[in-house]
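Trainee: Please take me closely through one residue and its surroundings, and then work outward from there to the rest of the fold. I would like one connected account rather than a list.

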Amino acid sequence: MTISTGISNTAIAQVHAAQRQQYVNTHPQSQQLALQTQAHWLFGVPLHWMNDWSTPFPLFMQSAQGLTLTDVDGNEYVDFCLGDTGAMFGHSPNAVAAALATQAQQGLSSMLPTADVAAVGNMLSERFGLPVWQAAMSATDANRFALRWARAITGRSKLLVFNGCYHGTVDDVFVDLIDGVPQQRDSLLGQVYALTEHTEVIEFNDLAALEAVLQTETIACLLAEPVMTNVGMVLPQPDYWQQAQALCQRYGTLLILDETHTISTGLGGYATQHGLQADMLVLGKPLGGGMPCAVYGMSADIAARAQQAKEQAPAGHSGIGTTLTANALAFAAMRANLEQVMTPAAYAHMLPLAEQLAEGLRSLFAQHGVHWCVTQVGARVEFQFAATPPQNGTEARAIMLHELEQTIHLYCLNHGVLITPFHNMLLLSPATTAADVARLLAVLDGCLQELLG
Ligand code: PMP
């Protein structure tokens, strides 16, 4: 897979330097706050990823509503990052904000279910096609718990992931294929036992590799995104999933689909839209409109086996759950979001806009003679620095160019448009308009003009 930028390193360095200076000039309040937070927060931020943005110092947010994010200097941004999917359906949707305000007066957390649990369970099973659900605090936790159930149910120790995957900070999944050899991800901190012992990793879109691993009949589950969205984007080949699902069934391996990002596909997510029947399904991030919460669903068969596994285990800690999980606020948020925000009408608005954006990007790149590909999964659009879309994690990694990405992101930010800091992902929300899409395309046009000199 060849990288194709058509842009010189000198041009990237020049534009980057100018944009860094512009950021410094226009963000004095953020700079002040950054100086203060440096004193008591590791790396000056409450979560070290907050330094992974393209900015010379963190951008401090004042407020965010709908598609508009305002920083502490009063600069406004049209948001296509949307909290990396947490705010996929707009910032602080009115219905969610109102439900939270009401619930906040009536108890935040009691370790007991509220009436909202019944309503949310009905909506989840109706919309996502799985009858039985459990809650978690984050998509990371939901994946972690799903893996634990899968191992308990099958009695198998190993799990299988795709090279280049991301499923949150779940230890087990940080295994890459480097030159065809499984290796623990180098960036992982403090890892003291070998993950490769219990995690197998193969390339996405490779059915032969999948069957070779599954036929050992040692794999508890395949944990996968239906479309890889965390290494740039990698689409499944036609019919890949129908066949992969059949292979999992043949060899007794559970299929866990992590739809945390592919919820962008359409109502009910990728599996519903493409007729896949996962054994378990994970949802997080936007499910509570930005309020931290997640859920995972399971088929009737898996639910029965999970119940049996729990009943057969001695009483005591299961390794599943956290004290504040399934709290009253989370359920109020999920209910309002599922009932009033993440609706068919919302998708009907988002999907054509995403088409418009994808087409707009293709013609923009053609006009500038840069051979960059554009992929789309419902309301999620990605551009990557190669003429044809990658087919697996290795190909996708090979076409990432950190310096160029950072320069484009910072240029956009300085021109009032936020895009996701990791790779080139653009999210459309019910609050996004055609004018916002046009604005993003105009800013990228300006950026390419500068980069191409
Ligand atoms: N699954 C996928 C596919 C993700 O992209 C992410 C986060 N980017 C997660 C799970 C974890 O989500 P969280 O960080 O909210 O736990």
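Mentor: In this predicted model, Ile419 touches Phe80, Cys81, His409, Cys412, Asn424 and Leu426, once residues up to four places away in sequence are left out of the count. The residue itself sits in the loop between strand 15 (417-418) and strand 16 (425-427), and among its contacts Leu426 belongs to the range given for strand 16. Although Ile419 is in a loop, it is buried, because 26 other C-beta atoms lie within 10 Å, and the cut-off for that label is 20 or more. A further view of its setting comes from Asp84, which is 335 residues away along the chain while the two C-alpha atoms are separated by 8.9 Å. The chain as a whole shows a related pattern, in that 75% of the contacts between residues at least 6 apart in sequence join residues at least 24 apart.

It helps to set Ile419 beside a glycine in another loop. Gly252 is found between helix 7 (240-250) and strand 10, and it counts as exposed because 12 other C-beta atoms lie within 10 Å, where the label applies at 12 or fewer. Leaving aside neighbours within four places in sequence, Gly252 is in contact with Thr154 and Glu217. Its C-alpha atom is separated from that of Gly378 by 31 Å, with their positions 126 residues apart along the chain.

Two other loop residues deserve attention for their backbone angles. Most residues other than glycine have a negative phi. Met111, however, has a phi near 60 degrees, a positive value, and Asp179 has a positive phi as well, near 50 degrees. Met111 is in the loop between helix 3 (94-104) and helix 4 (116-128), and it counts as exposed, since it has 9 C-beta neighbours inside 10 Å. Asp179 lies in the loop between strand 6 (175-178) and strand 7 (181-184) and is likewise exposed, with 6 other C-beta atoms within 10 Å.

From these loops we can turn to the sheet. Seven strands form an open sheet with mixed pairing, in the order 4-12-11-10-9-5-8. Strand 4 (132-136) and strand 8 (199-202) stand at the edges, and each has a single partner strand, so one side of each is left without a neighbour in the sheet. From one strand to the next, the twist averages 20 degrees.

At one edge, strand 4 and strand 12 pair in the antiparallel sense over 5 bridges, with Trp133 standing opposite Gly297 in strand 12. Strand 12 also runs antiparallel to strand 11, to which it is joined by 4 bridges, and there Gly297 is the bridge partner of Leu281. Strand 12 is mostly covered, with 5 of its 5 residues buried: Ala294, Tyr296 and Met298 point one way, while Val295 and Gly297 point the other way. Helix 9 (residues 300-312) lies across strand 4, strand 10 (254-258), strand 11 (280-283) and strand 12 (294-298), and runs at about 100 degrees to strand 12.

At the other edge, strand 5 (residues 158-162) and strand 8 run parallel and are joined by 4 bridges, and Phe162 has Ile202 of strand 8 as its bridge partner. Helix 6 (residues 207-214) lies across strand 5, strand 8 and strand 9 (219-224), running at about 160 degrees to strand 8.

The ligand offers another place to look closely. It is surrounded by 15 residues, of which the closest are Ser138, Ala139, Thr140, Gly168 and Thr260. Helix 5 (residues 139-154) gives the most to this shell, with 3 residues, and by character the shell divides into 2 nonpolar, 9 polar and 4 charged residues.

To place all of this in the whole chain, there are 14 helices and 16 strands, and buried residues, Ile419 among them, make up 46% of the 453 residues. The C-alpha atoms fill a box of roughly 65 × 55 × 45 Å along the principal axes. The radius of gyration is 22 Å, which agrees with the value near 22 Å that a compact globule of 453 residues would have.

Notes
Residues are numbered from 1 along each chain as its sequence is written. This is a predicted model: local features need pLDDT of at least 70, side-chain atom pairs count only at pLDDT 80 or more; totals for chains, interfaces and linings use all residues. A residue is near a molecule or strand if its C-beta atom, placed from the backbone, lies within 6 Å of it. Helices (H or I, at least four residues) and strands (E, at least two) are DSSP runs, numbered from the N terminus. Ala, Val, Leu, Ile, Met, Phe, Trp, Tyr, Cys and Pro count as nonpolar, Asp, Glu, Lys and Arg as charged, and the others, Gly among them, as polar. Two strands pair if DSSP finds at least two bridges between them. Axes are lines fitted to C-alpha atoms, for helices over the stretch in contact, and angles run from 0 to 180 degrees between N-to-C directions. Two residues are in contact if their C-beta atoms, placed from the backbone, lie within 7 Å. The radius of gyration is taken over C-alpha atoms; the globule rule is 2.2 Å times the number of residues to the power 0.38.
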